[in-house]
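Please open the structure in your viewer and prepare to select residues by number. This tour moves from one charged pair to the next.

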Amino acid sequence: MTNQERRDAQMAYISDAHVLAEQQVCRRKLHRLNSIAPWDFDGIRKMVKDLLGKSENAFINPPFYCDYGTHIEVGKNFFANYNCTILDVAKVKIGDNCLLAPHVAIYTAGHPIHPFSRNSAYEYGKEITIGDNVWIGGNVVICPGVHIGNNVVIGAGSVVTRDVPDWVLAAGNPCKVIRKITDKDRKKLFGTEDIDEEAWKDIETRMKY
């Protein structure tokens with residue numbers, strides 16, 4: 001097997017010249033994205049679509065960093081804020097309506113634990129999936145092989161080392177489920193504060209469509 005085939009099969013592989021050539025293509029696209037005038041929103045959208053391929057209404061606030069871009073699959077209305085890093089050695093699949101706060105780090109990449117194996121230059125990537133309607137707070141780290149369910153909120157500063165089920169608020173290091181998200185949270189804005197009535201009426205009208 002080639003190292004590209006080994007990488008894509010989530011096996012141990014080495015970043016040889018062929019692997020690095022793929023990364024060079026991505027680096028050129030990232031350089032253009034991260035150098036664009038930050039107020040050129042239309043230009044950013046076009047570059048994001050070129051980088052990620054299939055996407056609908058995706059937007060990333062530069063700077064943004066990844067290894068390939070082609071291993072990242074996002075759903076509708078994806079948004080990533082400043083300084084997001086996605087090490088997409090393996091597949092990263094993100095659902096619809098997902099929001100990433102500043103400094104989110106998604107790492108599929110890893111290295112053997114023992115120095116004898118690690119110093120051989122072999123490494124690996126393990127797939128990460130994130131469901132629909134997920135909000136990832138600032139400075140969150142998501143580790144290799146993690147699967148996050150639908151309708152989840154991950155609190156700021158969390159380190160996610162294990163799978164997270166649907167419909168929960170989870171936080172901490174290591175990240176743990178804090179509680180379920182229920183209909184009682186429907187009108188919540190921040191802490192115990194509710195969304196004001198004017199905004200709530202607008203939400204009810206707009207979300208019918």
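Begin by selecting Lys91, which has a relative accessible area of 32% and is therefore partly exposed. Please bear in mind that the model is predicted.

Next, add Glu73 to the selection. The side chains of Lys91 and Glu73 form a salt bridge, with a distance of 3.1 Å from N to O. This pair links distant parts of the chain: Lys91 lies in the loop between β6 (84-87) and β7 (92-94), whereas Glu73 belongs to strand β4 (residues 72-74), 18 residues apart. Is Glu73 buried, exposed or partly exposed? Its relative accessible area is 26%, so Glu73 is partly exposed.

Now move to helix α5 (residues 197-206) and select Asp202 and Arg206, which both lie in this helix. The two residues are 4 residues apart, about one turn of the helix. Their side chains meet in a salt bridge of 3.3 Å, N to O. Colouring by accessibility is useful at this stop. Asp202 counts as partly exposed because its relative accessibility is 39%. Arg206, at 54% relative accessibility, counts as exposed.

For the final stop, select Arg7 and Asp8. These residues form a salt bridge in which the closest N and O atoms are 2.9 Å apart. Arg7 has a relative accessible area of 1% and is therefore buried. Add Glu22 to the selection: Arg7, Asp8 and Glu22 are linked in a network of salt bridges.

How many salt bridges does a search of the whole structure find? The search finds 10, and the pairs visited here are among them.

Methods:
Residues numbered from 1 in each chain as written. Predicted model: local features only at pLDDT ≥ 70, side-chain atom pairs only at ≥ 80, totals over all residues. Heavy atoms only, no water. Salt bridge = Lys/Arg side-chain N within 4 Å of Asp/Glu carboxyl O. Buried < 20%, exposed > 50% of the residue type's maximum accessible area, 1.4 Å probe, protein only.
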